[in-house]
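The following note sets out points for a colleague who is examining the model alongside its sequence. The points are grouped by region and by type of contact.

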Amino acid sequence: EVSGYLYRVGGWDKKKNVRMYDLNANPAAPEYIGKFGKGFIHDAQVITFASGPYAGKQVMFACKAVTGSHGLQIWDLTDKSAISLLGFDTWPGASYSHNVWVDVVTMRAYVGDEGIVYSQGTNSTLFEFDVSDLSSPSYVTSFTNGVGANSHNHIILGGRLYAANYASGMRVFDLSSRSEV
């Protein structure tokens, strides 16, 4: 990461479980500089914007799970002494916000819900958010491959979303049409 900071998610402090480490002085022995969070953060993607309206900002897109409302949190990490929650949104029937990845070209975030297959018996589903306004993310739609396997983790590369599923292997979606390739 360009900033020289490491953000560790998970852990057992369900109120502030994102821990920050400064790698700049000594990457072999990073200095712990504090923690933040609101609820249990299960997964996150940190992006340092180099251009556009958020140029110079370091932003964390985080999956809030376990306690209270599950969903997508957006944090401003630019000033390590004044980290702030910018926005939050969720989706219908949210069960366990597990994994998030952002397409910075379209400013869409894609969130996987690891619990929805178990809690509602639905197929593996991905939830899409418009994150062009970091302070007001908005749920757009969801899409699925129609398979009743549990979604695990996904990444985005070159306009495609690569989704790992526990029981049905990897699925690839073309994000321009949200269809499986």
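1. Tyr at position 139. Y139 is partly exposed, with a relative accessible area of 27%. The model is a predicted one, and every remark below should be read with that in view.

2. The aromatic pair of Y139. A search of the whole structure gives 9 aromatic pairs. In one of them, the ring centres of F129 and Y139 lie 5.8 Å apart and the planes stand at 65 degrees, so the pair is classed as edge-to-face. F129 belongs to strand 10 and Y139 to strand 11, and the two residues are 10 apart in sequence. F129 counts as buried, at 0% relative accessibility, whereas Y139 is partly exposed.

3. The aromatic cluster. F129 and Y139 also belong to one aromatic cluster, together with W91 and F127. F127, in strand 10, is in addition the bridge partner of V111.

4. Strand 9 and its partners. Strand 9 covers residues 108–113, and 5 of its 6 residues are buried. On one hand, strand 9 is joined to strand 8 (residues 97–103) by 6 bridges, the two running antiparallel; within this pairing, S97 has D113 of strand 9 as its bridge partner. On the other hand, 5 bridges connect strand 9 to strand 10, again in an antiparallel arrangement.

5. The turn between strands 8 and 9. These two strands form a hairpin with 4 residues between them. M107 lies in the turn and has a positive phi of about 55 degrees.

6. Salt bridges overall. How many salt bridges does the structure hold? The count is 3. R108, E128 and R178 are linked in a network, and a further salt bridge joins K57 and D76.

7. The network around E128. R108 and E128 form a salt bridge in which the closest N and O atoms are 3.1 Å apart. This pair links distant parts of the chain, with R108 in strand 9 and E128 in strand 10, 20 residues apart. E128 also forms a salt bridge with R178, where the closest N and O atoms are 2.4 Å apart. Here the partners are 50 residues apart: E128 is in strand 10, and R178 is in the loop between strand 14 (169–174) and strand 15.

8. Accessibility within the network. Is E128 buried or exposed? E128 is buried, with a relative accessible area of 2%. Its two arginine partners fall in another class: R108 is partly exposed at 23%, and R178 is partly exposed at 32%. The cut-off for calling a residue buried is under 20% relative accessible area, so R108 is not counted as buried.

9. The salt bridge of K57 and D76. The side chains of K57 and D76 meet at 3.5 Å, taken from N to O. K57 is in the loop between strand 4 (40–48) and strand 5 (58–65), and D76 is in strand 6 (residues 71–76), so the pair ties together parts that are 19 residues apart in sequence. K57 is partly exposed, with a relative accessible area of 35%, while D76 is buried, with a value of 13%.

10. The open sheet of strands 12 to 15. Four strands form an open sheet in the order 12-13-14-15, with antiparallel pairing. Strand 12 (151–157) and strand 15 (179–180) are at the edges, each with a single partner strand, so one side of each has no neighbour in the sheet. Strand 12 is joined to strand 13 by 5 bridges, and H154 stands opposite A163 of strand 13.

11. The cavity. The search finds 1 cavity of 30 Å³ or more, and the largest cavity holds about 40 Å³ of space. Its lining includes S124, T125, F143, N145, S151, A163 and F173. Which strands each supply at least two residues of this lining? They are strand 10 (125–130), strand 11 (138–144) and strand 13 (160–165). By class, the lining has 4 nonpolar, 6 polar and no charged residues. A163 is thus a residue of the cavity lining and also the residue opposite H154.

Methods. Residues numbered from 1 in each chain as written. Predicted model: local features only at pLDDT ≥ 70, side-chain atom pairs only at ≥ 80, totals over all residues. Heavy atoms only, no water. 1 Å grid on protein atoms, 1.4 Å probe; cavity = no way out; pocket = protein on both sides within 12 Å on 5 of 7 lines; lining within 4 Å. Points joined across faces, edges and corners; volume = space filled by probe spheres on them. Nonpolar A, V, L, I, M, F, W, Y, C, P; charged D, E, K, R; others polar. Pairing = 2+ DSSP bridges. Buried < 20%, exposed > 50% of the residue type's maximum accessible area, 1.4 Å probe, protein only. Salt bridge = Lys/Arg side-chain N within 4 Å of Asp/Glu carboxyl O. Phe/Tyr/Trp six-rings, centres within 6.5 Å; stacked < 30°, edge-to-face > 60°.
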